[in-house]
Amino acid sequence: MKTIQFREAICEAMSEEMRRDDSIFLMGEEVAEYNGAYKASKGMLDEFGPDRVIDTPISELGFAGIAVGSAMNGNRPIVEFMTFNFSLVGIDQIINNAAKMRQMSGGQFNIPIVFRGPTASAGQLGATHSQAFENWFANTPGLKVVVPSNPKDAKGLLKSAIRDDDPVIFMESEQMYGDKAEVPEGEYTIPLGVADIKREGTDVTIVSFGKIIKEAYKAADQLAKDNISCEIIDLRTVRPLDFEAIFTSVKKTNRLIILEEAWPFANVASEITYQVQATIFDHLDAPIIKINTADTPTPYSPVLLEEWLPNSEDVVKAVTKVMYK
């Protein structure tokens with residue numbers, strides 16, 4: 001094992017796959033000369049050259065469309081959005097072309113593209129730079145959606161995403177790029193669509209993904225002092241979603257909390273809630289609680305931002321409620 005940053009794990013995954021397959025290339029704003037807005041492509045221009053690490057104009061619609069056409073002609077593009085807030089400019093190409101081309105062509109075209117970049121809030125960046133669109137993309141048939149929470153998962157999942165023959169939305173976090181963790185030295189991949197039990201427990205299941213899962217870990221540590229045992233599931237992939245892992249855990253704990261950094265209306269947690277009550281309702285000993293952001297645009301004020309985001313205290317309160325304590 002070695003200890004590296006999240007950004008280094010992303011860079012290693014892309015570089016290793018580009019060495020393996022000449023049809024893979026990286027494109028996006030500032031990915032080449034500047035080594036990436038968050039240094040996630042550091043050194044790649046020097047190794048692979050300007051034909052495979054390509055700085056684009058500030059035109060997400062344009063280079064997303066180029067990626068779709070390139071994939072239809074046998075290449076495997078990796079598209080970096082400086083932030084997924086900017087992907088809205090290119091969302092027509094993602095939703096109407098990348099996600100639908102395989103079906104609309106009768107299977108004649110696969111679209112092996114990875115659209116990757118940071119998601120959700122990253123401090124005081126304002127309402128238009130602090131949005132989580134995981135549920136938007138997960139709502140779209142034809143797209144796979146991955147949201148890793150640590151360097152090891154990020155590297156293994158990104159390698160699998162690059163090798164996948166379908167378009168994959170790979171969502172990171174600006175606040176995780178500097179996170180350090182152990183990563184295996186050798187070759188490894190992590191399959192898409194498989195959740196991971198990060199912490200085993202017996203009293204309550206907490207489901208989360210992405211950077212907000214750290215608040216679940218904090219809450220579990222605090223609750224353990226009161227002899228409440230939390231099982232924490234990291235979804236890792238939200239489309240396809242590993243419902244069986246959730247069902248198995250809830251059958252054991254009989255209680256479910258879902259922690260998601262997203263607006264509360266019609267999000268990933270809403271679908272999990274429906275599937276659990278529809279499939280294993282008799283195993284529930286308490287109502288499901290989902291914890292989300294406030295139902296407003298992200299505030300800039302640090303005081304309001306702290307109130308807007310879910311935190312470990314919210315998780316502790318929710319667990320205490322479902323435990324009837």
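Buried, as I use the word today, means under 20% relative accessible area. By that cut-off Phe247 is buried, because its relative accessibility is 6%. This is a predicted model, and I will come back to Phe247 after the sheet.

The sheet is open and has seven strands, in the order S3-S2-S4-S5-S7-S6-S12, with mixed pairing. At the edges are S3, residues 53-55, and S12, residues 237-239; each has a single partner strand, so one side of each has no neighbour in the sheet. On average, neighbouring strands are turned by 20 degrees against each other, direction ignored.

Inside that order, S2 (residues 24-28) and S4 (residues 76-80) run parallel and pair over five bridges. Leu26 has Ile78 in S4 as its bridge partner. Helix H1, residues 6-20, packs on the sheet and touches S2, S3, S4, S5 and S7; its direction makes about 135 degrees with that of S2.

Now the aromatics. There are nine aromatic pairs in the structure. One of them, Phe133 with Trp263, is edge-to-face, at 6.5 Å centre to centre and 70 degrees between the planes. These two residues are 130 apart in the chain: Phe133 is in the loop between S5 and H6, Trp263 in the loop between S13 and H10. Phe133 counts as buried at 1% relative accessibility, whereas Trp263, at 25%, counts as partly exposed.

Back to Phe247. With Phe243 it forms a stacked pair, 6.2 Å centre to centre and 20 degrees between the planes. Both are in helix H9, and because they are four residues apart, about one helical turn separates them.

Last, Phe63, Phe81, Phe84, Phe115 and Phe137 make up one aromatic cluster.

Notes: Residues numbered from 1 in each chain as written. Predicted model: local features only at pLDDT ≥ 70, side-chain atom pairs only at ≥ 80, totals over all residues. Heavy atoms only, no water. Pairing = 2+ DSSP bridges. Axes fitted to C-alpha atoms, helices over the stretch in contact; angles between N-to-C directions. Contact = heavy atoms within 4.5 Å. Phe/Tyr/Trp six-rings, centres within 6.5 Å; stacked < 30°, edge-to-face > 60°. Buried < 20%, exposed > 50% of the residue type's maximum accessible area, 1.4 Å probe, protein only.
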